[in-house]
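Biologist: Please take a close look at one part of this model, the surroundings of the ligand, and describe it in a connected way.

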Amino acid sequence: MSGRGKFVTLEGVDGSGKSTHSGYVEALLQRAGHRVLRTREPGGTPLAEALRQVVLESPMDGVCEALLMFAARADHVRQMIRPALEAGTWVVCDRFTDATMAYQGGGKGVPAALIRDLANATHGDLWPDLTLLFDCPFEVASARLASTGKTMDRFEREGRAFFERVRSAYLDAAAAASARIRVIDASKTLDEVKKSIEENVSMF
Ligand code: TMP
(Lines give C-alpha, C1' and ligand atoms only; values in the text may rest on other atoms or scores of the structure.)
Protein backbone atom coordinates (compact mmCIF):
# COMPACT_ATOMS: atom_id res chain seq x y z
CA MET A 1 0.00 0.00 0.00
CA SER A 2 1.38 3.39 -0.95
CA GLY A 3 0.78 6.42 1.29
CA ARG A 4 -0.88 9.64 0.24
CA GLY A 5 0.70 11.33 -2.78
CA LYS A 6 2.23 14.80 -2.60
CA PHE A 7 0.69 17.88 -4.15
CA VAL A 8 3.11 20.04 -6.16
CA THR A 9 2.03 23.29 -7.83
CA LEU A 10 3.70 25.61 -10.33
CA GLU A 11 2.96 29.31 -10.16
CA GLY A 12 4.13 32.53 -11.72
CA VAL A 13 3.34 35.52 -13.86
CA ASP A 14 2.28 34.96 -17.48
CA GLY A 15 5.40 34.57 -19.63
CA SER A 16 7.51 33.13 -16.78
CA GLY A 17 7.89 29.86 -18.73
CA LYS A 18 6.19 27.91 -15.94
CA SER A 19 4.09 25.68 -18.21
CA THR A 20 7.17 24.66 -20.23
CA HIS A 21 8.68 23.30 -17.02
CA SER A 22 5.74 21.28 -15.75
CA GLY A 23 6.68 18.30 -17.96
CA TYR A 24 10.19 18.44 -16.55
CA VAL A 25 8.88 18.39 -12.95
CA GLU A 26 6.69 15.41 -13.86
CA ALA A 27 9.69 13.59 -15.39
CA LEU A 28 11.86 14.24 -12.31
CA LEU A 29 9.21 12.85 -9.99
CA GLN A 30 8.64 9.81 -12.21
CA ARG A 31 12.38 9.20 -12.24
CA ALA A 32 12.24 9.23 -8.43
CA GLY A 33 9.70 6.39 -8.65
CA HIS A 34 6.43 8.24 -8.19
CA ARG A 35 3.20 7.82 -10.12
CA VAL A 36 2.32 11.32 -11.35
CA LEU A 37 -0.83 13.10 -12.52
CA ARG A 38 -0.07 16.34 -14.38
CA THR A 39 -2.93 18.80 -14.63
CA ARG A 40 -3.72 22.53 -14.76
CA GLU A 41 -6.01 25.27 -13.50
CA PRO A 42 -8.37 26.64 -14.43
CA GLY A 43 -9.15 23.28 -16.03
CA GLY A 44 -8.41 19.60 -15.56
CA THR A 45 -12.00 18.29 -15.88
CA PRO A 46 -14.56 18.83 -18.67
CA LEU A 47 -16.56 21.28 -16.54
CA ALA A 48 -13.46 23.17 -15.39
CA GLU A 49 -12.11 23.37 -18.95
CA ALA A 50 -15.47 24.85 -20.07
CA LEU A 51 -15.22 27.42 -17.26
CA ARG A 52 -11.62 28.15 -18.31
CA GLN A 53 -12.83 29.13 -21.76
CA VAL A 54 -15.34 31.57 -20.26
CA VAL A 55 -13.03 33.13 -17.70
CA LEU A 56 -10.12 33.62 -20.12
CA GLU A 57 -12.26 35.21 -22.84
CA SER A 58 -15.35 36.99 -21.41
CA PRO A 59 -14.89 40.41 -19.84
CA MET A 60 -15.90 40.35 -16.13
CA ASP A 61 -14.86 41.84 -12.81
CA GLY A 62 -12.46 40.33 -10.29
CA VAL A 63 -15.11 38.88 -7.97
CA CYS A 64 -16.78 37.12 -10.88
CA GLU A 65 -13.36 35.76 -11.94
CA ALA A 66 -12.65 34.51 -8.42
CA LEU A 67 -16.03 32.75 -8.20
CA LEU A 68 -15.48 31.02 -11.54
CA MET A 69 -11.91 30.03 -10.63
CA PHE A 70 -13.21 28.41 -7.45
CA ALA A 71 -16.13 26.75 -9.25
CA ALA A 72 -13.61 25.17 -11.63
CA ARG A 73 -11.33 24.30 -8.70
CA ALA A 74 -14.13 22.65 -6.70
CA ASP A 75 -14.80 20.23 -9.55
CA HIS A 76 -11.11 19.63 -10.21
CA VAL A 77 -10.32 18.94 -6.55
CA ARG A 78 -13.28 16.60 -6.10
CA GLN A 79 -12.94 14.67 -9.34
CA MET A 80 -9.20 14.55 -9.89
CA ILE A 81 -6.84 15.96 -7.28
CA ARG A 82 -8.15 14.38 -4.06
CA PRO A 83 -8.78 10.91 -5.57
CA ALA A 84 -5.29 10.89 -7.09
CA LEU A 85 -3.57 11.94 -3.85
CA GLU A 86 -5.56 9.40 -1.86
CA ALA A 87 -4.49 6.66 -4.30
CA GLY A 88 -0.82 7.56 -3.68
CA THR A 89 -0.36 9.43 -6.97
CA TRP A 90 1.64 12.66 -6.89
CA VAL A 91 -0.16 15.59 -8.47
CA VAL A 92 1.69 18.29 -10.45
CA CYS A 93 -0.72 21.15 -11.03
CA ASP A 94 -0.05 24.23 -13.15
CA ARG A 95 -1.56 26.92 -10.85
CA PHE A 96 -3.89 26.64 -7.83
CA THR A 97 -5.26 29.00 -5.15
CA ASP A 98 -2.01 31.03 -4.94
CA ALA A 99 -2.90 32.19 -8.48
CA THR A 100 -6.30 33.47 -7.30
CA MET A 101 -4.60 35.32 -4.43
CA ALA A 102 -2.10 36.87 -6.87
CA TYR A 103 -4.32 37.62 -9.89
CA GLN A 104 -7.75 38.31 -8.39
CA GLY A 105 -6.44 39.47 -4.98
CA GLY A 106 -3.26 41.37 -5.91
CA GLY A 107 -4.13 42.14 -9.53
CA LYS A 108 -7.84 42.97 -9.28
CA GLY A 109 -8.22 44.00 -5.64
CA VAL A 110 -10.58 41.19 -4.52
CA PRO A 111 -10.36 41.07 -0.69
CA ALA A 112 -7.99 38.38 0.59
CA ALA A 113 -10.56 37.40 3.24
CA LEU A 114 -13.11 36.52 0.54
CA ILE A 115 -10.53 34.42 -1.32
CA ARG A 116 -9.57 32.64 1.90
CA ASP A 117 -13.24 31.85 2.64
CA LEU A 118 -13.74 30.49 -0.87
CA ALA A 119 -10.55 28.44 -0.56
CA ASN A 120 -11.77 27.00 2.73
CA ALA A 121 -15.13 26.06 1.27
CA THR A 122 -13.53 24.60 -1.86
CA HIS A 123 -10.55 22.63 -0.61
CA GLY A 124 -10.48 22.93 3.19
CA ASP A 125 -7.10 21.86 4.51
CA LEU A 126 -5.83 20.67 1.13
CA TRP A 127 -2.91 22.94 0.22
CA PRO A 128 0.12 22.17 -1.93
CA ASP A 129 3.04 20.43 -0.21
CA LEU A 130 5.45 22.28 -2.50
CA THR A 131 4.99 25.28 -4.80
CA LEU A 132 7.57 26.36 -7.38
CA LEU A 133 7.12 30.07 -8.09
CA PHE A 134 8.64 31.11 -11.43
CA ASP A 135 9.53 34.78 -11.13
CA CYS A 136 10.82 37.23 -13.72
CA PRO A 137 10.57 40.92 -14.59
CA PHE A 138 7.97 42.37 -16.96
CA GLU A 139 10.46 42.84 -19.84
CA VAL A 140 11.46 39.15 -19.83
CA ALA A 141 7.85 37.92 -19.54
CA SER A 142 6.45 40.16 -22.27
CA ALA A 143 9.29 39.29 -24.68
CA ARG A 144 8.62 35.58 -24.07
CA LEU A 145 4.87 35.96 -24.61
CA ALA A 146 5.45 37.89 -27.84
CA SER A 147 7.90 35.26 -29.12
CA THR A 148 5.31 32.47 -28.86
CA GLY A 149 3.15 34.18 -31.52
CA LYS A 150 0.01 32.80 -29.81
CA THR A 151 -3.17 34.86 -29.38
CA MET A 152 -3.07 36.31 -25.87
CA ASP A 153 -5.90 35.71 -23.36
CA ARG A 154 -7.50 38.46 -21.22
CA PHE A 155 -4.87 38.20 -18.48
CA GLU A 156 -1.92 38.15 -20.85
CA ARG A 157 -3.24 41.32 -22.51
CA GLU A 158 -3.14 43.29 -19.22
CA GLY A 159 -0.37 45.88 -18.98
CA ARG A 160 2.69 46.42 -16.81
CA ALA A 161 0.85 47.80 -13.76
CA PHE A 162 -1.32 44.67 -13.47
CA PHE A 163 1.74 42.45 -14.02
CA GLU A 164 3.62 44.22 -11.21
CA ARG A 165 0.70 43.85 -8.77
CA VAL A 166 0.43 40.14 -9.53
CA ARG A 167 4.18 39.64 -9.29
CA SER A 168 4.46 41.39 -5.93
CA ALA A 169 1.46 39.49 -4.53
CA TYR A 170 3.22 36.25 -5.47
CA LEU A 171 6.50 37.38 -3.89
CA ASP A 172 4.67 38.45 -0.71
CA ALA A 173 3.02 35.02 -0.54
CA ALA A 174 6.43 33.37 -0.95
CA ALA A 175 7.93 35.51 1.83
CA ALA A 176 5.05 34.54 4.13
CA ALA A 177 5.27 30.80 3.37
CA SER A 178 8.94 30.28 2.51
CA ALA A 179 8.94 26.59 3.51
CA ARG A 180 6.28 25.76 0.93
CA ILE A 181 6.80 28.33 -1.82
CA ARG A 182 10.25 28.27 -3.48
CA VAL A 183 11.09 31.15 -5.77
CA ILE A 184 12.86 30.24 -9.01
CA ASP A 185 14.53 32.96 -11.07
CA ALA A 186 12.86 32.38 -14.42
CA SER A 187 14.93 35.01 -16.22
CA LYS A 188 17.93 32.64 -16.18
CA THR A 189 18.80 30.23 -19.01
CA LEU A 190 16.75 27.08 -19.51
CA ASP A 191 19.57 24.92 -18.09
CA GLU A 192 19.93 27.11 -14.99
CA VAL A 193 16.18 27.05 -14.40
CA LYS A 194 16.16 23.25 -14.74
CA LYS A 195 19.01 22.99 -12.22
CA SER A 196 17.10 25.14 -9.78
CA ILE A 197 13.98 22.99 -10.24
CA GLU A 198 16.05 19.84 -9.59
CA GLU A 199 17.52 21.32 -6.39
CA ASN A 200 14.11 22.29 -5.05
CA VAL A 201 12.40 19.05 -6.01
CA SER A 202 15.20 16.88 -4.61
CA MET A 203 15.19 18.75 -1.28
CA PHE A 204 11.52 17.92 -0.98
P1 TMP B 1 -2.20 29.64 -17.69
O2 TMP B 1 -1.92 30.54 -18.85
O3 TMP B 1 -1.06 29.49 -16.75
O4 TMP B 1 -2.80 28.33 -18.11
O5 TMP B 1 -3.32 30.37 -16.81
C6 TMP B 1 -4.42 30.97 -17.40
C7 TMP B 1 -4.64 32.35 -16.86
O8 TMP B 1 -5.56 32.29 -15.78
C9 TMP B 1 -3.40 33.06 -16.36
O10 TMP B 1 -3.32 34.31 -17.01
C11 TMP B 1 -3.66 33.29 -14.91
C12 TMP B 1 -5.16 33.19 -14.76
N13 TMP B 1 -5.61 32.66 -13.47
C14 TMP B 1 -6.19 33.55 -12.58
O15 TMP B 1 -6.32 34.72 -12.87
N16 TMP B 1 -6.62 33.05 -11.37
C17 TMP B 1 -6.53 31.73 -11.04
O18 TMP B 1 -6.95 31.34 -9.94
C19 TMP B 1 -5.92 30.82 -11.98
C20 TMP B 1 -5.81 29.38 -11.66
C21 TMP B 1 -5.47 31.34 -13.19
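To begin with one contact, what kind of ligand atom lies 2.8 Å from a polar side-chain atom of Gln 104?

Modeller: It is a nitrogen atom of the ligand that lies 2.8 Å from a polar side-chain atom of Gln 104, and this pair is a polar contact (N or O atoms within 3.5 Å). Two further contacts involve oxygen atoms of the ligand: an N or O atom in the side chain of Thr 100 is 2.6 Å from a ligand oxygen, while a polar side-chain atom of Asp 14 is 2.9 Å from a ligand oxygen. The ligand taken alone exposes 480 Å², of which the protein buries 95% (Shrake-Rupley areas, 1.4 Å probe).

This is a predicted model, in which local features need pLDDT of at least 70 and side-chain atom pairs pLDDT 80 or more, whereas totals for chains, interfaces and linings use all residues. Numbering runs from 1 along each chain as its sequence is written, and side-chain values use heavy atoms, with hydrogens and water left out.

Around the ligand there are 14 residues (a heavy atom within 4 Å), and the closest are Lys 18, Arg 52, Arg 95, Thr 100 and Gln 104. Sorted by class, this shell holds six nonpolar, six charged and two polar residues, where Asp, Glu, Lys and Arg count as charged and Gly is among the polar ones. Helix H2 (46–57), helix H3 (62–86) and helix H4 (97–107) each contribute at least two shell residues (helices are DSSP runs, H or I, of at least four residues), and H4 gives the most, with four residues.

Definitions and conventions:
A polar contact is a pair of N or O atoms within 3.5 Å; within protein, one must be able to donate a hydrogen and the other to accept it, and residues adjacent in sequence count only if both atoms are side-chain atoms.
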